[in-house]
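Colleague: I would like to learn how to read a helix and its surroundings in a model that is new to me. Could we go through one together?

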Amino acid sequence: MHSALLPAAVTRPSHGPEAHPANAADISTPSFAALGLIPELLRAVADQGYEEPTPIQVKAIPPILQRRDVMGCAQTGTGKTAGFALPILQLLAPQANTSLSPARHPVRTLIITPTRELAVQVEESVRTYGTHLALRSAVVYGGVDIDPQMKQLHAGVEILVATPGRLLDHLHQKSVNLSRVEILVLDEGDRMLDMGFLPDIKRILAVLPPRRQNLLFSATFPDEVRRLAKELLHLPVTIDVAPRNAPADLVSHQVYPVPALRKRALLVHLARSRDMRQVLVFVRMKRDANRLARQLVQDGVAATAIHSDRTQAERMQALEDFKQGKVPVLVATDIAARGLDIEELPFVVNYELPHTPEDYVHRIGRTGRAGLPGEAISLVSPDEMKYLEDIERMLKRKLPRASAPELARETRPGHRPKGGRHERPAERPQARPHAAPRPAAPAFDYTKPYEPAPSSAPARPEHARPGHRRPERPTAALLGGRPAKHEPHK
Ligand code: AMP
């Protein structure tokens, strides 16, 4: 499945002035008409001012129109919703009718999303794109009165967008009949599973007709999503639209081969010796994010974690602390990091390699932005070498290894750049201090637990130190993404 997921197109990230998906198209992009869309839909996209389809739309619309199952690797912000909504509307168009009879409006398409915010957004898009077609849609989600939803469902809708918990409530109350569903969409599959919705999804799948078209969209493909895809999809067409990769020449990659048990010591060492003031550290599992952040704090490195188990308030606080430079290390899982819109982050550390190379691209896309250099550092244990090979195959190059002696040359425990931290240049250095040759230093043995050198500066917030001047260089701007989306609403 790996090779089938190699990025086939590159789109813009979901922020900034160049985020508009229309900009992502190049001169060879086919028009919406060339994708075979019917006039009613062409009018709708023209109403929206869309000039060209985005890469995911180019790739998703034709196979969906051919009633193929699709596995789409794409983030929100790529134009994904129109990528599935437009062809679905076209497939349902022959059944469009204005009859008042509910029997003429059975649910033919079910779209399941993990959060109510996404559900609302998707249903709005369906309505917008279907504005010239006599098809009905509705959205149901938890946390609100169920009665108005029941009334709407009783009247009949062709396209139902739902969060899993509330959909099950409706099934229990028999306010919805899913026996005529022809198309199922699972949107943000990774987040759905991360939020523990798998049992709910299985219950829902059990009441759907077995013969149907299935579309699964997910920004990342951890093992659980792959397992679900295998169960759900029949000979799927795989579509991958990677987020914008950071310009290769602005991101330097480094791989530290290191036994798993020594990773923490190495991370602590790197954080200190490389003067990492803002580093996003990736782990694979949410339980490990918390644990690592806790352990780093014990090691004297101020760290916090974000993952989907934390409350909204906790996540916002963690982000804010990181953004303000109060906490230099933010430990995140791939999924939790997705909602963050981060600009200009100097370091990304892969404490654990992702199991799919595309996730590596997503991760390093968080550094090397805004024309500023960034570093992607991977701590790779022997059992992760196979994932490193996958990444290198995808990037079509071998990533430079940093060996222990090289590490020792570049860093000294407790070493500070000339002039000390307090006098660090106000702007991000043009010549990166860590890229410049460093004087030789005593070898650092990262096979031993880290022991702070007597001269090590304590890793505490910069601003906590007397006389400290906050660096004027732009810190990572965490614009927050759409964090509320992370919360389940059942
Ligand atoms: P999505 O990834 O589906 O959340 O879409 C992100 C944004 O892109 C939405 O605001 C859409 O209205 C917009 N969009 C989708 N397709 C296009 C397109 N072909 N051209 C311009 N904007 C688009």
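**Reading helix H2 and the core**

Modeller: Helix H2, a DSSP run of H or I with at least four residues, numbered from the N terminus, carries the exposed residues Pro 39 and Ala 46 on the face turned away from its buried side. This is a predicted model, in which local features need pLDDT of at least 70, side-chain atom pairs count only at pLDDT 80 or more, and totals for chains, interfaces and linings use all residues. Residues are numbered from 1 along each chain as its sequence is written, and side-chain values use heavy atoms, with hydrogens and water left out.

Colleague: Which residues of H2 are buried?

Modeller: Buried means under 20% relative accessible area, exposed over 50%, and partly exposed in between, with a 1.4 Å probe and protein chains only. In H2 (residues 39–47), the buried ones are Leu 41, Ala 44 and Val 45. They lie on the same side of H2 because they cover an arc of only 95° around the axis, taken from the directions from the helix axis to the C-beta atoms.

Colleague: What covers the buried residues of H2?

Modeller: The cover includes helix H4 (80–92) and helix H5 (116–129), where contact means heavy atoms within 4.5 Å.

Colleague: How many residues does the largest nonpolar core have?

Modeller: In soluble globular proteins, nonpolar side chains tend to be buried together. A nonpolar core is a set of buried Ala, Val, Leu, Ile, Met, Phe, Trp, Tyr and Cys residues joined through side-chain atoms within 4.5 Å. The largest here has 39 residues, and those with the most contacts inside it include Phe 84 and Leu 86. H4 gives the most to this core, with 8 residues.

Methods. Helix = DSSP H or I, 4+ residues; strand = E, 2+ residues; numbered from the N terminus.
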